[in-house]
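Please open the structure in your viewer and keep the selection panel at hand. The tour visits one whole chain and then a single helix.

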Amino acid sequence: MSLISRSFLSRIAARSPWLYRINAGSCNGCDVELATTAFLPRYDIERLGCQYCGSPKHADILLITGVLTARVKDKVLALYEEVPDPKVTVAIGVCPISGGVFRESYAVAGPFENYIPIDVNIPGCPPRPQAIIEGLQKAIVLWADRI
Amino acid sequence: MWYLPVLLKNLIEGPATESFPFSEPRTPATTRGRMSFSAEDCALCRMCARVCPAGAIQFGKVDGGQSFTLWHNSCVFCGLCAHYCDSKALKPIPDWHLSHTTDATYDMVEEGQVFAQKCGGCGRQKMPVSEALAHKLYPEIEDKAEIAALRTLCPSCRKSRLATRDAAA
Amino acid sequence: MVEFLSLPLSVLIFPGGLFALGLGLLIKGLDRKVAARLQRRVGPPLLQPFFDLIKLAGKDSLIPAEGHAGLFRWVPLAGPAAMALAAAMIPIAGVYRPSAGLGDLLVLFYLLAVPAVVLMLAGAASGSPFGAIGFSREMTMMIAYELPILLVLLSVAVAVGMAQGGAIALSLSDIVAYQQVHGPFIADPRMWPALLCFLFFLPATLGAMPFDSPEAETEILEGPLLDYSGPLLGVFKMMSALKLVVVLGLGITFFFPNGPDGILGLGVFAVKCAVLAILSVTVVRVSTGRMRIDQAFRFFLKLPLALGTTSLVIVLSGI
């Protein structure tokens with residue numbers, strides 16, 4: 001396939017990023033904000049072509065919330081392997097980046113960057129739905145380069 | 001069947017979707033976004049670092065003063081630091097545009113440097129006193145010039161100035 | 001009027017294959033857009049399903065280690081193939097008449113069962129417990145809706161057959177020709193129970209709410225489709241789009257095939273497909289929740305079965 005048609009198809013493919021949420025020991029605040037971003041008519045992300053999918057194998061952009069607790073660490077890493085390439089990882093909230101208020105707990109297995117590469121951070125506790133959409137836009141730009 | 005009037009109403013009223021990200025978002029003026037630090041007001045009491053639940057505030061030493069660092073990626077936006085800051089040096093501002101790619105992770109800081117000042121009375125080193133702090137310390141003093149004068153003095157010079165004023169009054 | 005196109009052309013380009021794929025994806029996009037507007041959202045662009053399909057072509061296809069790899073890889077291809085063949089058998093009044101060698105109503109009925117079987121086998125081949133649950137639910141749904149659609153089919157076929165002096169008319173072209181002379185069955189009160197039964201059958205066969213237990217997203221993580229990714233998942237999406245056109249075309253053929261000739265007739269066919277899809281799939285999808293598999297099964301054994309039987313009895317008694 002020539003370079004021109006490759007980039008044209010890439011640009012079309014970039015208009016359909018599918019999102020998959022992983023809750024790695026979150027307090028659920030960021031998960032509630034993700035639910036509002038997706039399902040409230042006010043913040044409709046389906047305009048950007050995004051859609052929540054039910055299976056990690058269908059995912060393009062991973063939305064990770066929560067500190068990586070020790071109990072869930074192996075499962076999250078196994079789940080990360082199941083998502084097919086190319087993929088983009090987005091950390092929602094401050095917990096995946098730094099641990100937030102749970103930083104010094106014995107149950108926290110460390111910031112995510114020690115285990116899987118993260119591409120976009122969206123700080124906030126929890127971040128506003130508009131902030132999530134803004135971060136998602138940056139993630140979609142990154143993903144458009146990779147597909 | 002019973003849902004049809006609702007669907008018809010929805011069709012007539014049209015989408016309720018905010019047009020962000022295709023236009024400017026609507027941010028109310030009292031939105032609690034990130035913290036902003038103004039170095040000229042800080043009195044270096046360090047109460048903010050003590051009460052921060054996430055440990056996002058750190059102080060360090062620089063020549064002639066101290067440095068203040070607040071990591072946005074650790075801050076949980078609780079507002080305790082602003083609540084306990086008597087000098088009103090830390091304030092939440094409605095800026096929530098904080099998302100970034102990971103190569104900019106360590107750039108997401110609010111920094112400032114607070115330098116000690118020379119006392120106007122005895123010439124020794126003193127910590128700055130902001131206007132809000134001065135009003136809190138001396139709520140009974142209404143005279144603006146007096147407050148401004150007291151702000152330039154160290155604690156002992158302030159004590160002697162107030163004592164002479166009370167003796168004169 | 002284009003009659004008797006050579007077989008490969010009619011299966012691959014028009015009206016099967018590319019034409020049905022394009023129309024199916026467009027109707028799916030319309031369904032998502034209308035569903036969004038009914039929920040006071042803006043919704044994705046109309047061509048979104050095309051973008052989805054192109055994106056899926058660029059992703060990795062991961063094969064699970066526990067399943068049967070050969071079955072996993074090759075079973076999905078049977079779905080679009082059967083549906084493309086079925087789409088070539090649907091007559092479009094005034095535009096296209098399928099060749100007699102393609103088969104009649106019974107062959108179409110069997111072909112309609114192929115996508116469900118493909119989903120079941122895919123669920124079994126993936127080796128995951130969610131796939132197994134999807135397998136059993138899909139089988140239950142199939143048993144539930146096969147009998148009512150058979151009754152609808154028989155009602156229409158017997159009505160046409162008896163009016164033409166025989167017992168039963170199994171050729172789709174005959175059914176269309178009869179309705180072009182005597183008026184569409186949608187205006188015939190004998191057929192109204194059958195029409196209602198067909199409207200219940202549509203969401204069940206397409207896997208839309210409230211009968212989408214086999215592919216439930218939040219309960220069993222998309223059931224049989226759980227382990228599919230990349231181009232193989234794209235094959236399933238194609239099968240779903242083609243099946244949409246086949247089933248809608250079947251409904252139009254049964255109840256209101258009348259339309260003008262030529263390109264205008266093609267446009268009218270597309271509009272009729274869209275209207276039928278919106279009325280029976282979209283509006284139902286946004287206003288109901290999901291029925292449990294036992295609730296759905298019992299529902300199909302009650303109301304649609306009664307409606308189909310009513311129509312068949314009325315037609316057979318010659319009223």
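A residue counts as buried when its relative accessible area is under 20%. The coordinates come from a predicted model. By that cut-off, 44% of the 169 residues of chain B are buried.

Select chain B and colour it by secondary structure. Its 6 helices and 8 strands follow one another from the N terminus as α-β-α-β-β-α-β-β-β-β-β-α-α-α. Chain B is more spread out than a compact globule, because its radius of gyration is 24 Å, well over the 15 Å that the globule rule gives for 169 residues. Turn the C-alpha trace of chain B along its principal axes, where the spans are about 85 × 45 × 25 Å. Among the contacts in chain B with a separation of 6 or more, 66% join residues 24 or more positions apart.

Next, display the surface of chain B. The exposed area is about 9800 Å², and carbon and sulfur atoms supply 56% of it. Then pick out the charges of chain B: the 19 positive and 18 negative ones have mean positions 8 Å apart.

Now move to chain A and select helix α2, residues 29–39. Which residues of this helix are buried? They are A:C30, A:D31, A:E33, A:L34, A:T37 and A:A38. Looking down the axis of α2(A), one finds the buried residues within an arc of 160°, so they line one face of the helix. In an α-helix, residues three or four places apart point the same way, because there are 3.6 residues a turn.

Finally, add the elements of chain A that cover the buried residues of α2(A), including β1 (18–23), β2 (51–52), β3 (61–65), β4 (88–92) and α5 (129–146).

Terms used
Residues numbered from 1 in each chain as written. Chains lettered and ligands numbered in written order. Predicted model: local features only at pLDDT ≥ 70, side-chain atom pairs only at ≥ 80, totals over all residues. Heavy atoms only, no water. Helix = DSSP H or I, 4+ residues; strand = E, 2+ residues; numbered from the N terminus. Rg over C-alpha atoms; globule rule 2.2 N^0.38 Å. Buried < 20%, exposed > 50% of the residue type's maximum accessible area, 1.4 Å probe, protein only. Contact = heavy atoms within 4.5 Å. Areas by Shrake-Rupley, 256 points an atom, 1.4 Å probe, with all protein chains shown as cover. Lys, Arg positive; Asp, Glu negative; His and termini not counted. Charge placed at Lys NZ, Arg CZ, Asp CG, Glu CD. Arc of directions from axis to C-beta.
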